[in-house]
Amino acid sequence: MHVELLVIGFGKAGKTLAGAFGNQGRSVAMVEQSDQMYGGTCINIGCVPTKALVHDAASRRDSDDPAAFYEAAITRKTELTDLLRGKNYAMLDTVDAVTVITGRARFTGPDQVEVTGGADSLTITADHIIVNTGAVPVIPDVPGLADSRFLRTSTSLIATRALPKQLVVIGGGPIGLELASVYRGFGSEVTVLQRDTFFAREDDDVAEAATAVLRESGITLVEHADVTEVVDADGSTSVHFTTQGGAQTVTADALLVASGRRPATDDLGLAEAGIDTDERGGIVVDDHLRSSNGKVFAVGDVNGGRAVHLHLVRRPPDRVGRTHRGGSAYDAGPGGHAQHDVHHASAEPSRPQ
Ligand SMILES: Cc1cc2nc3c(=O)[nH]c(=O)nc-3n(C[C@H](O)[C@H](O)[C@H](O)COP(=O)(O)OP(=O)(O)OC[C@H]3O[C@@H](n4cnc5c(N)ncnc54)[C@H](O)[C@@H]3O)c2cc1C
């Protein structure tokens, strides 16, 4: 199969570009590895379902049974994401020039990709390729953690229909703290273990106020916690950690790892296509989001979360465009901290995008 544009991953920019090209009658293939992910992370397992749970957790009354209330909230969240996923699929599937293919893509040459789904495989060549494969959670190298039966990622936690009694969160970045707050709202006992301090990127007064709000809600926040081992027992797991005060242990029936996400480039065959990556596996791009392979562009979290926004800066009498590259707050590095890379470069006069 040959197309003018091949998009790998149903993320935000990729689906928008696929639709725009397709609506101009140009041939497009959109490859998505999971039939549960049409529309990408945000609507299926990210921003939208978590915000639905934030809303529901905040509306629980003391008289509501926590387990039943939580299960009903998970049902509502699932109905919402099912609806949005269906609409996202239809948005591309109804465009004649767009073919949506469900399977996992891997480069087998500079302009060639192999897509596999079950026993089937398909080779696609393209004039241009956009990689929009997003990011995956980082699981820290702690003895017993990866094999723990109680290990949850944000994705598996919000798919769980049984409310955890004791949730321990490793990582106090935006995802860890948001879910800590959500599950506390639903009635779980929650402990968050953070390698350094909470809200370290914020001003002291803001960090203090936000920390106080979380503590007042009943969340146990532990700073300077270094998780050393995870040991499973029958119905719970023991999380061993050290702090400045010495060694401690907390038990959990759900252990959320929220210690950062990294670009999803494993097994993409990038080297075979001459696509360079950085030390975190992110695809290196220029200011036009073009990779070291001139035919291949990388958008969204897979390029390290860098976006290129063109702002107009008033500097009479000329209009001068300014390029601003900023990391997403959800592009958390080790320890759950957002990594921002702000860089300004002069550019030719241009229109806002
Ligand atoms: C729990 C959580 C909460 C979040 N909340 C917020 C928030 O409130 N606000 C905010 O701004 N951001 C939030 N984010 C971050 C935001 O969701 C992501 O930054 C954004 O969705 C990334 O979009 P993307 O376009 O890079 O790719 P994605 O939307 O991640 O899409 C990538 C797609 O590629 C597919 N894929 C991967 N590899 C392959 C392959 N080899 N072949 C085929 N398909 C492949 C994946 O299945 C996926 O569907 C949250 C993230 C999480 C996990």
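The following exercises, each with a worked solution, concern a predicted model.

**Exercise 1. The surroundings of the ligand**

Task: Determine which residues come nearest to the ligand, and describe the shell by element and by class.

Solution.
1. The shell around the ligand holds 32 residues, of which Gly9, Gly11, Gly40, Gly134 and Gly300 come nearest.
2. Several elements give two or more residues to this shell: helix H1 (12-23), strand S2 (28-32), helix H2 (41-44), helix H3 (47-58) and strand S4 (104-109).
3. Sorted by class, the shell has 14 nonpolar, 14 polar and four charged residues.

**Exercise 2. Helix H3 and its two partners**

Task: Describe how helix H3 packs against helix H4 and against helix H6.

Solution.
1. Begin with helix H4 (residues 66-93). The axes of H3 and H4 lie 10 Å apart, and the two helices pack at an angle of about 150°.
2. The crossing of H3 with H4 is right-handed.
3. On the H3 side, the contact involves Val48, Pro49, Ala52, Leu53 and Asp56; on the H4 side, it involves Ala73, Arg76, Lys77, Leu80, Thr81 and Leu84.
4. The residues of this contact comprise seven nonpolar, one polar and three charged.
5. Turn next to helix H6 (residues 174-186). Its axis and that of H3 come within 8 Å and cross at roughly 35°.
6. H3 passes H6 in a left-handed crossing.
7. Here Thr50, Leu53, Val54, Ala57 and Ala58 of H3 meet Glu178, Leu179, Val182, Gly185 and Phe186 of H6.
8. The contact of H3 with H6 divides into seven nonpolar residues, two polar and one charged.
9. Leu53 appears in the contact with H4 and also in the contact with H6.

**Exercise 3. The setting of strand S15**

Task: Establish whether the residues on the two faces of strand S15 are buried or exposed, and identify strands that pair with S15.

Solution.
1. Strand S15 comprises residues 254-257; Ala254 and Leu256 lie on one side, Leu255 and Val257 on the other.
2. All four of these residues are buried, so that both faces of S15 are covered.
3. Strand S8 (residues 151-152) runs parallel to S15 and is joined to it by two bridges. Within this pairing, Arg152 has Leu256 as its bridge partner.
4. Strand S9 (residues 166-170) also pairs with S15 in the parallel sense, over four bridges. In S15, Ala254 is the bridge partner of Leu167.

**Exercise 4. An open sheet**

Task: State the order of the strands in the sheet that contains S13, and explain why S12 and S14 are its edges.

Solution.
1. The sheet is open and consists of three strands in the order S12-S13-S14, with antiparallel pairing.
2. Strand S12 (226-232) and strand S14 (246-252) each have a single partner strand, so one side of each is left without a neighbour in the sheet; they therefore stand at its edges.
3. On average, neighbouring strands of the sheet are turned by 20° against each other, direction ignored.
4. Strand S13 (residues 237-243) is joined to S14 by seven antiparallel bridges. One of the residues paired here is Ser238, whose bridge partner in S14 is Thr251.

**Exercise 5. Locating Tyr89**

Task: Decide whether Tyr89 is buried or partly exposed, and find its contacts that are distant in sequence.

Solution.
1. Tyr89 belongs to helix H4.
2. A residue counts as buried if 20 or more other C-beta atoms lie within 10 Å of its own. Tyr89 has 19 and is therefore partly exposed.
3. When its neighbours within four places in sequence are left aside, Tyr89 is in contact with Tyr38 and Val100.
4. Tyr89 and Gly39 are separated by 50 residues in sequence, yet their C-alpha atoms are 7.0 Å apart in space.

Note on methods. Residues are numbered from 1 along each chain as its sequence is written. This is a predicted model: local features need pLDDT of at least 70, side-chain atom pairs count only at pLDDT 80 or more; totals for chains, interfaces and linings use all residues. A residue is near a molecule or strand if its C-beta atom, placed from the backbone, lies within 6 Å of it. Ala, Val, Leu, Ile, Met, Phe, Trp, Tyr, Cys and Pro count as nonpolar, Asp, Glu, Lys and Arg as charged, and the others, Gly among them, as polar. A residue is buried if 20 or more other C-beta atoms lie within 10 Å of its own, exposed if 12 or fewer, and partly exposed in between; C-beta atoms are placed from the backbone. Two strands pair if DSSP finds at least two bridges between them. Axes are lines fitted to C-alpha atoms, for helices over the stretch in contact, and angles run from 0 to 180 degrees between N-to-C directions. A crossing is left-handed if the near helix is turned anticlockwise from the far one by less than a right angle, and right-handed if clockwise. Two residues are in contact if their C-beta atoms, placed from the backbone, lie within 7 Å.
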